[in-house]
2 protein chains.
Amino acid sequence: MSYESAIAALADPTRRSLIERLRDGPQPVGRLAQDLPISRPAVSQHLKVLSDAGLLLVEPSGTRRLYRLAPQGFEDLRRWLDSLWDDALGSFAARAREIAKESNSKDPPK
Amino acid sequence: MSYESAIAALADPTRRSLIERLRDGPQPVGRLAQDLPISRPAVSQHLKVLSDAGLLLVEPSGTRRLYRLAPQGFEDLRRWLDSLWDDALGSFAARAREIAKESNSKDPPK
DNA sequence: CAGATTCGTAAGACATGACTTACCGTAAGT
DNA sequence: ACTTACGGTAAGTCATGTCTTACGAATCTG
């Protein structure tokens with residue numbers, strides 16, 4: 001239902017960089033912004049996009065906010081991509097059979 | 001190595017629409033453009049982006065060009081997404097254990 | 001309570017990307 | 001050879017998204 005927003009969110013390199021950093025575990029905004037060549041507000045905006053897409057969860061802790069990966073958000077995306085891959089394989093296999101058949105007619109057995 | 005361009009390509013709704021139409025099998029540009037609310041050149045440009053990202057294969061046939069899904073292009077993307085999902089689940093499980101522990105200290109057994 | 005941290009939001013500048021029309025090349029049909 | 005069909009490319013317009021700085025809200029510390 002909403003893997004669309006997830007894909008759109010993951011399309012941006014900076015946001016993928018944020019996602020990669022969160023693979024090791026939850027981190028506050030300030031720490032995430034430290035290693036990036038952009039301002040902290042920009043990071044906040046990216047985090048909002050990722051959260052709205054269901055890819056991140058937030059947990060307030062004092063004045064800080066811990067962001068972490070949200071497994072739920074990746075599920076739909078994974079399923080869509082898997083079914084797509086299946087169809088791609090199917091089409092590929094069908095074409096392979098055609099190629100084989102054409103090759104046969106030009107190059108008959110025995 | 002290049003799942004980045006694949007994601008960027010799939011981020012656009014029109015391009016996803018093209019991908020969806022190609023799930024049933026290969027189709028020429030004109031047919032793909034018929035059902036879309038945009039011009040044929042626009043479709044050509046989208047098809048180029050998808051091809052460059054490794055998501056489509058082209059097969060010239062007379063004056064027409066048949067586009068089909070390229071399984072190879074989805075592989076890296078799938079792997080990256082899967083490993084990401086694994087880490088997300090790991091982080092989620094770790095947090096769940098913390099929650100349970102906190103709940104225990106406030107709500108001691110027996 | 002005053003000051004310092006941490007972070008989100010608003011407003012505006014700027015770059016990027018998705019469309020259009022116009023045009024050209026190539027292949028098939030008459 | 002001429003015409004028609006099909007599709008890629010170029011140039012320019014317009015919308016979208018990504019930054020910046022400035023500001024305000026909430027929490028911790030002294």
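This is a short tour of a predicted model, going from the two chains as a pair to single residues.

**The pair**

Show chain A and chain B together. Rotating by 180 degrees, with 0.0 Å of shift along the axis, places chain A on chain B with an RMSD of 0.0 Å. The two copies are thus related as by a two-fold rotation axis. To find that axis from the side of chain A, select A:Ala11: its C-alpha is the one in chain A nearest the axis, at 3.1 Å.

Now colour the residues where the chains touch. Of the interface residues of chain A, 100% are also interface residues in chain B, so the copies meet through the same surface.

**Chain A alone**

Hide chain B and switch to a cartoon view. Chain A has five helices and three strands. Followed from the N terminus, its elements come in the order α-α-β-α-α-β-β-α.

Turn the chain to see its extent. The C-alpha trace spans about 80 × 30 × 20 Å along its principal axes. The radius of gyration of chain A is 22 Å, whereas a compact globule of 110 residues would have one near 13 Å.

Next, show the surface. Chain A exposes about 6400 Å², and 51% of this comes from carbon and sulfur atoms. Of the 110 residues in the chain, 38% are buried. Colouring by charge brings up 17 positive and 15 negative side chains, with the centres of the two sets 4 Å apart. Among contacts in chain A with a separation of 6 or more, 49% join residues 24 or more positions apart.

**Stop one: A:Leu10**

Bring chain B back and select A:Leu10, which lies in helix H1 of chain A, residues 3-10. Is A:Leu10 buried or exposed? A:Leu10 has a relative accessible area of 1%, so it is buried.

Which residues is A:Leu10 in contact with, leaving aside its neighbours within four places in sequence? In chain A they are A:Arg16, A:Ile19, A:Leu55 and A:Leu77, and in chain B they are B:Ile7 and B:Trp80. Draw a distance from A:Leu10 to A:Leu55: the two are 45 residues apart in sequence, and their C-alpha atoms are 9.2 Å apart.

**Stop two: B:Leu55**

Move to chain B and select B:Leu55, in the loop between H4 and strand E2 (56-61). B:Leu55 is buried, with a relative accessible area of 0%.

Beyond four places in sequence, B:Leu55 touches B:Ala6, B:Ala9 and B:Leu10, and also B:Leu50, B:Arg68, B:Leu69, B:Ala70, B:Gly73 and B:Phe74. For a distance to draw here, take B:Ile19: it is 36 residues from B:Leu55 in sequence and 8.7 Å away, C-alpha to C-alpha.

**Stop three: B:His46**

Step back along the chain to helix H4 of chain B, residues 40-52, and select B:His46 within it. Its relative accessible area is 15%, so B:His46 is buried, the cut-off being under 20%.

What does B:His46 touch, not counting residues up to four places away in sequence? Show B:Asp12, B:Thr14, B:Arg15, B:Leu18 and B:Ile38 as sticks to see these contacts.

**Stop four: B:Gln27**

Last, select B:Gln27, in strand E1 of chain B, residues 27-28. B:Gln27 is buried, and its relative accessible area is 13%.

Not counting residues up to four places away in sequence, B:Gln27 touches B:Arg21, B:Leu22 and B:Leu32, along with B:Arg65, B:Leu66 and B:Tyr67. To finish, draw a distance from B:Gln27 to B:Val58: they are 31 residues apart in sequence and 9.7 Å apart in space, C-alpha to C-alpha.

How values were computed:
Residues are numbered from 1 along each chain as its sequence is written. Chains are lettered from A and ligands numbered from 1 in the order in which they are written. This is a predicted model: local features need pLDDT of at least 70, side-chain atom pairs count only at pLDDT 80 or more; totals for chains, interfaces and linings use all residues. Side-chain values use heavy atoms; hydrogens and water are left out. Copies are superposed by least squares on the C-alpha atoms of residues with pLDDT of at least 70 in both. Contact means heavy atoms within 4.5 Å. Helices (H or I, at least four residues) and strands (E, at least two) are DSSP runs, numbered from the N terminus. The radius of gyration is taken over C-alpha atoms; the globule rule is 2.2 Å times the number of residues to the power 0.38. Buried means under 20% relative accessible area, exposed over 50%, partly exposed in between (1.4 Å probe, protein chains only). Accessible areas come from the Shrake-Rupley method with a 1.4 Å probe; for residues, only the protein chains shown count as cover. Lys and Arg count as positive and Asp and Glu as negative; His and the chain ends are not counted. The place of a charge is taken as NZ of Lys, CZ of Arg, CG of Asp or CD of Glu.
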